Structure formats: C-alpha cells, structure tokens
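Me: I should like to learn how the features of a protein model are read, one at a time. Please give the general idea and then the case at hand.

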Amino acid sequence: MKSNLQEFTQNIIVTEKDLDELNHVNNVRYIEWVNSIAKSHWLKTASANTIKNYFWVLLSHTIDYKKAAFLNEELILKTYVIKAEGVTSIRIVEVINAKTNSLLSKSETKWCFMDAKTQKPVRITEEISKLFC
C-alpha cells in the first residue's frame, strides 16, 4: 500500500541539543520532529491559497521507539498519510538511521482539517486528499 502514497522525507543530523542525560536523542525530540515534518510536508505540498484557508490540528499521537539515536548520526524522517476522510487524516512518521537503514521510531498521528476563517473542522477536499494519498 505504501507505494501509492505520497512520501515526504527530510534528512537531519543529531546535535547535542537533541540529547538527553543518557546521551541519546530525547523522546520529546522525536515528538518535535513528527510535528516539524508534518508541517513541512503540508507547506511544501499545498498551494499558498490552500495554506491561507486551511490548517491542521493534532488530535492524538502514538510513538513506538525501536532503537536509540546518538550524536552526529544522520537520520531520515519519512512521512506519509495513510488515510484522509471526513475531517481527519492519519499520518505516519518513521525515523530511520541513514547509515544502517534501521527503523528507530514509528509514529501514527491523527489530524483534524480546519477552516482558517471559522476555526472549525471542515471536510477534507478531494484536492487535498489527492495531494497526500
């Protein structure tokens, strides 16, 4: 199923500010990366007019941590939307060690599509759905 989805990736290097007292990437940092890549994917894929008129709010998330990441490691953040219907979508974010190609974490987030003017949920348009699924 993944092959039909619109994947978006970013590469990052782990820095000292990403680490916790155990000298591996802090779990909170993964959450920040999930939010960051979702936002980047939206801003890169949607038109300026769409971005002006709509936004997403996070409803829930789960993250499964598989392996630790350490200072100076290159990571690949990969995201794709697996479902978009009604007013919600489900997005996956995988964090992968670029050198070993091993999965470090996988998250599933549920987002609500919002109208910028009314500040209320609105149905995901076919145009938006086609951009991401």
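Reply: The turns below take up the sheet, backbone angles, burial, distances along the chain and the pocket.

Me: What should be known about the model beforehand?

Reply: This is a predicted model, in which local features need pLDDT of at least 70 and side-chain atom pairs count only at pLDDT 80 or more, while totals for chains, interfaces and linings use all residues. Residues are numbered from 1 along each chain as its sequence is written, and side-chain values use heavy atoms, with hydrogens and water left out.

Me: In what order do the strands of the sheet stand?

Reply: Helices (H or I, at least four residues) and strands (E, at least two) are DSSP runs numbered from the N terminus, and two strands pair if DSSP finds at least two bridges between them. Here five strands form an open sheet in the order β1-β3-β4-β5-β2, and the pairing is antiparallel. Because β1 (8-13) and β2 (54-65) stand at the edges with a single partner strand each, one side of each is left without a neighbour in the sheet. From one strand to the next the twist averages 25°; such angles run from 0 to 180 degrees between the N-to-C directions of axes, which are lines fitted to C-alpha atoms.

Me: How many bridges join the paired strands β3 and β4?

Reply: Strand β3 (residues 74-85) is joined to strand β4 (residues 88-97) by 10 bridges, and Ile76 stands opposite Ile96 in β4. The antiparallel pairing of β4 and β5 extends over nine bridges, with Arg91 opposite Thr109 in β5. Between β2 and β5, also antiparallel, there are 11 bridges; Phe55 has Met114 in β5 as its bridge partner.

Me: Which residues other than glycine have a positive phi?

Reply: Most residues other than glycine have a negative phi. One exception here is Asn72, with phi near 70°, in the loop between β2 and β3. Gln119 also has a positive phi, of about 60°, and lies in the loop between β5 (103-115) and α3 (126-132). A further case is Asn101, with a positive phi near 60°, in the hairpin of β4 and β5, which has five residues between the strands.

Me: Is Asn72 buried or exposed?

Reply: Buried means under 20% relative accessible area, exposed over 50%, and partly exposed in between, for a 1.4 Å probe and protein chains only. Asn72 has a relative accessible area of 56% and is exposed. Asn97, in strand β4, counts as buried at 7% relative accessibility.

Me: What does the side chain of Asn97 reach?

Reply: A polar contact is a pair of N or O atoms within 3.5 Å; within protein, one must be able to donate a hydrogen and the other to accept it, and residues adjacent in sequence count only if both atoms are side-chain atoms. The side chain of Asn97 reaches the backbone nitrogen of Thr100 at 3.0 Å.

Me: How are separations along the chain to be set beside distances in space?

Reply: One counts the residues between two positions and then reads the distance between their C-alpha atoms. Thr15 is in the loop between β1 and α1 and is partly exposed at 32%; its C-alpha atom is separated by 5.6 Å from that of Leu71, 56 residues apart along the chain. Ile37, in helix α1, is buried at 0% relative accessibility. The C-alpha atoms of Ile37 and Phe8, 29 residues apart along the chain, are separated by 8.2 Å. Thr125 lies in the loop between β5 and α3 and is partly exposed, with a relative accessible area of 29%. For Thr125 and Gln6, 119 residues apart along the chain, the C-alpha separation is 16 Å.

Me: What volume does the largest pocket have, and which residues are closest to its centre?

Reply: Rolling a probe the size of a water molecule over the atoms shows where empty space is left. On a 1 Å grid over the protein atoms alone, a pocket is an open set of points where a 1.4 Å probe fits, with protein on both sides within 12 Å along at least five of seven lines; lining residues have an atom within 4 Å of a point. Grid points are joined across faces, edges and corners, and a volume is the space filled by probe spheres set on the points. The largest pocket has a volume of about 220 Å³. It is lined by 15 residues, of which Ala38, Trp42, Trp56, Arg91 and Trp111 are the closest to its centre. Two or more lining residues come from each of α1 (27-45), β2, β3, β4 and α3, and α1 gives the most, with four.
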